[in-house]
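Got the viewer open? Here's a tour, stop by stop, with something to select at each one.

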Amino acid sequence: MKDLVIDRKELRIHPAWLILACSILIQGGIIGLLVNPTGVLFTAVRMDRGFRAGDLSVYYTIRQIVMATTVSFTSRLFFEKNSRWVIGFLGLCGSASFVFMAGFHQLWQWYAAAVMAGIGISCCAVVIPIVLNNWFRSKRGLVVGISMSASGIVGACYSPFCSVVIERLGWRAAAVTTGVLSFAMVCLGCLFLVADPKMAGVEPYGADRTEEKKSSSSSRQKTGGSWMVYWIAVFALIGPNTYTQFNNQLPIFAQEAGYSLGTGAVLTSISMMGNIIGKLGLGILSDKLGIFRAVSMLVVLLGGSQAAFLLGADVLPVMQMGAFLYGSVYAMGTTAPSQVFLALYGEEKYRGKVRKTQMLNSFVLAFAGMLFPYIYDFTGSFTPVFILGIVISMFSLALMLLLEHIYRH
């Protein structure tokens, strides 16, 4: 009978899993609602107000520039002050920027909203992976992938709903709905959020396992503080990640190919499904095969998606497959950076590398968000965008293979 006694401690769920749930809500509420479905909403705005695609897309540029200039400050504020209140305030800024759109008529008003949205979104891609790495010593790739995929799940579910609201009630009602739902999810996620397990007086999940500690120590000895290694990683990650900005152009691309706005919304949802699988897959594969090989596989998928768009625009199933493959690119700017730099620099140094990379990434995305629609405006086609995507994918793959070689030797 003694053998049948179960220690209650073994039945307790580690609080790290509650932190994961909070991270999922925050990621879904901020990125999933305020970023991913924007292309569907703005396509309706452009049609109603008569804006050029490139002019309205300046919104994305302003948003990214604001993100780049505030990410370091908001990230430090998150870890040094009350993390719950910081995320709550940022969520309020982002959601309010959408609610206010109900009264917008002039282009400059969207530009002003982009400033608020940029502040609200600024540090999400930095703090969420770091918080999860703080709370987990094992299964890191998996849990970061799960959390980051929340934005894809929410985006995939919400984009068709947003399209229905636009068709029945108008884009202004859809903007208000987006903002309110976003704030509700962020507030719910903030309830139990704690940035570091030390603040809760507990050990991280898997802290009793020594394998990862040995791996981190080994990686620090291999890479040291080499600036060359850092910049190889930056170019390998940021190049493909610029193509996350093309998601906002998917509805326009669908219309250019002769399909409806509803089809464009479906393509956006399919890309969000790819977003989910890409982030989960990268997390799982990084735990099994290593982060460098996992990212290399992701880059190949991006190149395949651009080839599908380039060659199969007149065949809907090919476009849908391209949208699915394309969605995996979102992992390049969310799941991948924290895990790549954690592998290269270890626990003590990687946070600063992630903050710096996300700041650079935001600046690059600011111009990419404006570049893609203007290419379409001036050439009348997205073909140059797809060719450029194939070239960038090949270049990034070469850099990632080089980075793996340096890491292992």
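## A salt bridge to start

Select Arg293: at 43% relative accessibility, this residue counts as partly exposed. Keep in mind as you click around that this is a predicted model.

Now add Glu404 to the selection. Arg293 and Glu404 form a salt bridge, with 2.8 Å between the closest N and O atoms. The pair ties together distant parts of the chain: Arg293 sits in helix α16 (residues 291-311) and Glu404 in helix α19 (residues 383-408), 111 residues apart. Is Glu404 buried or exposed? Glu404 counts as buried, because its relative accessibility is 9%. How many salt bridges does the structure hold? Just one.

## Out to the surface

Next, select Trp227, Met228, Trp231, Phe235 and Phe395 and switch on a surface. Together these residues make a nonpolar patch with about 610 Å² of accessible area. Helix α13 (residues 227-241) supplies the largest share of the patch, four residues. Zoom in on Trp227, which belongs to helix α13. Trp227 counts as exposed because its relative accessibility is 65%.

Stay with α13 and show the whole helix. α13 runs for 15 residues and spans 21 Å from its first C-alpha to its last, close to the 21 Å expected at 1.5 Å a residue. Despite that surface patch, α13 is mostly covered, with eleven of its 15 residues buried. To see the covered part, colour the buried residues, among them Val229, Tyr230, Ile232, Ala233 and Val234. The buried set also includes Pro240 and Asn241 towards the end of the selection.

## Into the core

Hide the surface and go inside. In soluble globular proteins, nonpolar side chains tend to be buried together. Here the largest nonpolar core has 119 residues, and those touching the most other members are Tyr59, Met101, Trp110, Phe246, Val295, Phe341 and Leu344. Helix α18 (residues 335-379) gives the most to this core, with twelve residues.

Pick Trp110 and show what surrounds it. Leaving aside neighbours within four places in sequence, Trp110 is in contact with Phe42, Val45, Arg49, Phe51, Leu56, Tyr59, Met101, Phe104, His105 and Trp171. Tyr59 and Met101 should look familiar from the list of core residues.

## Along helix α6

Select residues 83-99, which is helix α6. α6 has 17 residues and reaches 24 Å from its first C-alpha to its last, close to the 24 Å expected at 1.5 Å a residue. Twelve of those 17 residues are buried, so α6 is largely enclosed by the rest of the structure. Which elements cover the buried residues of α6? Turn on α2 (16-34), α3 (38-49), α5 (58-80), α7 (107-121), α8 (124-135) and α10 (171-190), which are included in that cover.

Ser83 is worth a click: at 7% relative accessibility, Ser83 counts as buried. Apart from neighbours within four places in sequence, Ser83 is in contact with Phe78, Leu193 and Ala195.

## Last stop: Ile62

Finish in helix α5, where you'll find Ile62. Ile62 counts as partly exposed, because its relative accessibility is 21%. Setting aside neighbours within four places in sequence, Ile62 is in contact with Tyr111, Ala114 and Val115. Now draw a distance from the C-alpha of Ile62 to that of Ala366: these atoms are separated by 6.7 Å, although the two residues are 304 residues apart along the chain.

Methods: Residues numbered from 1 in each chain as written. Predicted model: local features only at pLDDT ≥ 70, side-chain atom pairs only at ≥ 80, totals over all residues. Heavy atoms only, no water. Patch = residues over 30% accessible without salt bridge, like charges linked within 9 Å, V, L, I, M, F, W, Y side chains within 5 Å. Areas by Shrake-Rupley, 256 points an atom, 1.4 Å probe, with all protein chains shown as cover. Salt bridge = Lys/Arg side-chain N within 4 Å of Asp/Glu carboxyl O. Helix = DSSP H or I, 4+ residues; strand = E, 2+ residues; numbered from the N terminus. Buried < 20%, exposed > 50% of the residue type's maximum accessible area, 1.4 Å probe, protein only. Core = buried A, V, L, I, M, F, W, Y, C linked by side-chain atoms within 4.5 Å. Contact = heavy atoms within 4.5 Å. Expected span 1.5 Å × (residues − 1).
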